[in-house]
Amino acid sequence: MEEKKKVMLSGIQPSGDLHLGNYLGAIKNWAARAEEFDCYYFMADLHTITVRQEPAELRRRTLQQLAQYIACGLDPEKNTLFVQSHVPAHAQLGWVLECYTMFGELSRMTQFKDKSAKHQDNINAGLFTYPSLMAADILLYKPDLVPVGEDQKQHVELTRKVAERFNNLYGEVFTVPEPYIPKAGARIYGLTTPGDKMSKSVPEGCVFLMDKPEVIAKKFKRAVTDSDRENCVRYDKANKPGVANLMDIYAAVTGKTHEEIEKEFEGQGYGVFKPAVGEAVIETFRPIREEAERLIADKSYLESVYRDGAAKASRVANKTLAKVYKKVGFLQP
Ligand code: TYM
């Protein structure tokens, strides 16, 4: 008998164009595991409306994100790729899990605190209950592993808690998932703000997957290094956060260790190091950008991928949802 494959699942919000942080923290670690795991990856569009979106832009980015997933090596034949809002079970289980997530737990979420500080005119209920929806995204597919960057670890931990709470009440309904955080690239900082994680909200310090080579080169040339005058490539996160971030990026794209990088640039200053990191990123992104551009032009192919993906994801998700509905006592329709 064929052994059941382990399951892996993750998602990204199409609230902005994909960037180097998303790539190194998440996607890069997805593509390599298609043979070993049964994989589900989605565009988390339901989550994006916790912050106001321009509708036409959201549609464009959702489709573009699918093209980028495929261009990053996620073969639709081997991975289930879908749009979250196409699988209603996410919203349905999301509601149930809101009733099993505590107010105090949601209040402690760093992402909620950050985003509510940033969008004070729109601290809506969805922004607050977002982690319950994310728990639903995950638990519907019973994944063993959830590969994410470090900033999402807290949400995956809350998911584990909610799953355990539910299982304690009703028996083994959910698999309790493990977060999978990469060793290199788990937290990439902005090139101009090495104290804050790289994010689309500071575009000049954010390297987008679709940026042209000359744009990427310029962003790296302007990257903040450090305020001391040492001009030496040395890994010291506390005193040289900008340099450490560039070394982390270089390590993640080349596979080199920090020691190897220090040796490679020994005796050479930031004037050599910064463009070299830029060049390494340009070469990593070039084939991805070109393939994504080709795929974006083929809208009917992308539509067939997300339609098939939603059909397959729905089959799995609806099974879990039916079980949950039964357990909590809803009358069978
Ligand atoms: P999101 O859309 O903010 O980010 C998507 C993925 O990219 C990672 N990431 C980073 N990694 C390293 N350095 C950075 N600067 C950086 N910025 C982003 C994130 O950790 C994440 O892995 N709530 C999630 C989306 C989501 C989800 C899910 C993820 C919804 N449902 C279910 C996993 C499972 C989010 O907002 O990620």
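Two strands pair if DSSP finds at least two bridges between them. Helices (H or I, at least four residues) and strands (E, at least two) are DSSP runs, numbered from the N terminus.

This is a predicted model, in which local features need pLDDT of at least 70, side-chain atom pairs count only at pLDDT 80 or more, and totals for chains, interfaces and linings use all residues. Residues are numbered from 1 along each chain as its sequence is written, and side-chain values use heavy atoms, with hydrogens and water left out.

**The chain as a whole**

The chain has 13 helices and 5 strands. Its radius of gyration, taken over C-alpha atoms, is 21 Å, close to the 20 Å that the globule rule (2.2 Å times the number of residues to the power 0.38) gives for 333 residues, so the chain is as compact as a globular protein of that length. Of the 333 residues, 52% count as buried, where buried means under 20% relative accessible area, exposed over 50%, and partly exposed in between (1.4 Å probe, protein chains only).

**Strands and helix 1**

The table lists two strand pairings.

| Strands | Sense | Bridges | One pair of partners |
|---|---|---|---|
| Strand 1 (residues 6-12) and strand 2 (residues 37-43) | parallel | 7 bridges | Gly 11 and Phe 42 |
| Strand 2 and strand 3 (residues 79-83) | parallel | 5 bridges | Met 43 and Val 83 |

In strand 2, 6 of the 7 residues are buried. The chain passes from strand 1 through helix 1 to strand 2 in a right-handed β-α-β crossover. Right-handed means that, with the strands pointing away from the viewer, the path from the first strand over the helix to the second runs clockwise.

Helix 1 (residues 20-31) has 12 residues and spans 16 Å from its first C-alpha to its last, close to the expected 16 Å, which is 1.5 Å times one less than the number of residues. Because 10 of its 12 residues are buried, helix 1 is largely enclosed by the rest of the structure. Among the buried residues are Leu 20, Tyr 23 and Trp 30.

**Nonpolar cores**

A nonpolar core is a set of buried Ala, Val, Leu, Ile, Met, Phe, Trp, Tyr and Cys residues joined through side-chain atoms within 4.5 Å. The largest has 59 residues, and those touching the most other members include Leu 20, Val 207 and Phe 285. Helix 12 (residues 270-296) gives the most to this core, with 10 residues. A second, separate core of 39 residues includes Val 7 and Leu 140.
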